[in-house]
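Trainee: Could you take one part of this model and walk me through it closely? I would like to see how that part sits within the rest of the chain.

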Amino acid sequence: MALCERPTFFVYAKIKPMPAKIAVLPGDGIGPEVVEQAVRVLSACCPDLSYETALIGGAAYDATGSPLPLDTLALCKSSDAVLLGAVGGPKWDKIEPITLRPEVGGLLPLRKELGLFANVRPAKTFAPLASSSPVKNASSMDLVVMRELTGGIYFGQPRERRDGGSVAVDTCVYSVSEIKRIAKQAFAIAEKRRKKVCSVDKANVLETSRLWRETVIAIAKDYPSVELSHMLVDNCAMQLVRDPGQFDVILTENMFGDILSDEASMITGSLGMLPSASLSEGSFGLYEPIHGSAPDIAGQNKANPLATILSVAMMLRYSLNLGVLADMVEHAVSRTLESGLRTADIWSEGTELVGTKEMGDAVVRNLG
Ligand code: IPM
Ligand code: MG
């Protein structure tokens, strides 16, 4: 049986399964370099996939006047999964209106249009990197931040300036159905891990958080094997630094998840190591490193491609149903680190400094 067969429902469908199509959106800054290495790794372990590349972010704005061209959106909708590098950079930071900027006009509407409500951000300390963490007991950390991605203050209306610009308004809105669907994903992931969900909110102040907590408690009844706890977001920020090993799955809303996932990533030792998956109801997903476009080192073969390579592992697991290959990619990354190779962001005395491409070469070599 070919290693790269599609999920069983295709196999049983008595039609020749089409190779899965991956939309590749390199984006800005270091995006193209890290995506190039991730695609090499993906094609090395799964030669049957087909790829189509499209513009997003500042690169798309420069070429077409829109940070999310309709062609790009159409390509993503017709694909089985999307691989994204990063968007944004100082060149586009002053564009007005803000809806033409790479983040607000590119990435956010892409998430919304594709229905990617569940953002899965694993933060696990790789043993060879534990000493670069600023936190003492970082080696105990192995958690997943499950961040709601298409609601909350990022998308609530109204969002405007009033009184001639002297007053600004953002609105935080959550509905029971939005909270339910993300809570279900968090419990489902926890069932396969250490069976603990910590729901993080600000229920001592915010009405949306009170609805969040009530809804999560109701959903928890369907997952009796999972232990549910609640934590206020300020306490969670502190607890992550004090004892990161206490968390298994952190379930939280859009903006809290944005902040806590950056904090968790730094505890692992490097922002350059962490992958993410943004999932919709079915198997479709968008995969991207959680780091940004790092324009200061773009085009210099300095960026760490491992977060994007690990994002490809998540794609194999969640969208392509090829968990064995996902494990293979993750092991190849571990072996590469164990062999002492480091890009500049994770380099320390006694390890070997390599560039983006050489790191990609090593992972491909270690796949076997
Ligand atoms: C992230 C990023 C984005 C977010 C920005 C670039 C809009 O910080 O994916 O975490 O806030 O969601
Ligand atoms: Mg962020």
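Mentor: Happy to; here is a close look at one helix, followed by its setting and a few residues elsewhere in the chain.

Please keep in mind throughout that this is a predicted model. The part I have picked is helix H10, which runs over residues 306-318. How far does H10 reach from its first C-alpha to its last? The answer is 18 Å for 13 residues, close to the 18 Å expected at 1.5 Å a residue.

Now for its surroundings: is H10 mostly covered or mostly open? Mostly covered, since eleven of its 13 residues are buried, and buried here means under 20% relative accessible area. The buried residues begin with Leu 306, Ala 307, Thr 308 and Ile 309. They continue through Leu 310, Ser 311, Val 312 and Ala 313, and the list is completed by Met 314, Met 315 and Leu 316. An α-helix has 3.6 residues a turn, so residues three or four places apart point the same way. With that in mind, try following the buried list along H10 in your viewer: Leu 306, Ile 309 and Val 312 are among its members, and so are Ala 307 and Leu 310.

Moving on along the chain, we come to the loop between H10 and helix H11 (323-338), where Asn 321 is found. Asn 321 is not a glycine, yet its phi is positive, at about 55°. Most residues other than glycine have a negative phi, and most peptide bonds are trans. Asn 321 counts as partly exposed because its relative accessibility is 47%, whereas the Leu 316 of H10 is buried.

Lys 195 also has a positive phi, near 65°, and is likewise a residue other than glycine. Its place is in the loop between helix H6 (176-191) and strand S8 (196-201). Lys 195 has a relative accessibility of 33%, so it counts as partly exposed.

The backbone has two cis peptide bonds to look at as well. One runs from Glu 96 to Pro 97, with omega near -5°, and Pro 97 sits in the loop between strand S3 (81-86) and helix H5 (102-113). Another joins Gln 157 and Pro 158, where omega is about 0°; here the proline belongs to strand S6, residues 156-162.

The loop between S3 and H5 also holds Trp 92. Trp 92 is buried because its relative accessible area is 11%. What does Trp 92 touch, not counting residues up to four places away in sequence? Its contacts are Asp 28, Gly 58, Ala 59, Tyr 61, Asp 62, Arg 101 and Pro 102. For Gly 58, the C-alpha separation from Trp 92 is 6.3 Å, with the two positions 34 residues apart along the chain.

Two further buried residues make useful stops. Thr 215 lies in helix H7 (residues 207-220), and its 6% relative accessibility is why it counts as buried. Leaving out residues up to four places away in sequence, Thr 215 touches Val 176, Ile 179 and Lys 180. Phe 247, in the loop between helix H8 (233-242) and strand S10 (249-252), has a relative accessible area of 2% and is therefore buried. With the same sequence neighbours left out, Phe 247 touches residues including Asp 142, Leu 143, Arg 194, Cys 198 and Met 231. Cys 236, Gln 239 and Leu 240 are also among the residues that Phe 247 touches.

For contrast, look at Ser 131 in the loop between strand S4 (118-124) and strand S5 (142-148). Ser 131 counts as exposed because its relative accessibility is 69%. From Ser 131 to Tyr 223 the C-alpha distance is 37 Å, and the two are 92 residues apart in sequence.

Finally, step back to the whole chain, which has twelve helices and 14 strands. Its radius of gyration is 20 Å, close to the 21 Å that the globule rule gives for 368 residues, so the chain is as compact as a globular protein of that length. Along its principal axes the C-alpha trace spans about 55 × 55 × 50 Å. Buried residues make up 52% of the chain's 368. Of the contacts between residues at least 6 apart in sequence, 74% join residues at least 24 apart. The accessible surface comes to about 16,100 Å², and carbon and sulfur atoms account for 56% of it.

Key:
Residues numbered from 1 in each chain as written. Chains lettered and ligands numbered in written order. Predicted model: local features only at pLDDT ≥ 70, side-chain atom pairs only at ≥ 80, totals over all residues. Heavy atoms only, no water. Helix = DSSP H or I, 4+ residues; strand = E, 2+ residues; numbered from the N terminus. Expected span 1.5 Å × (residues − 1). Buried < 20%, exposed > 50% of the residue type's maximum accessible area, 1.4 Å probe, protein only. Rg over C-alpha atoms; globule rule 2.2 N^0.38 Å. Contact = heavy atoms within 4.5 Å. Areas by Shrake-Rupley, 256 points an atom, 1.4 Å probe, with all protein chains shown as cover.
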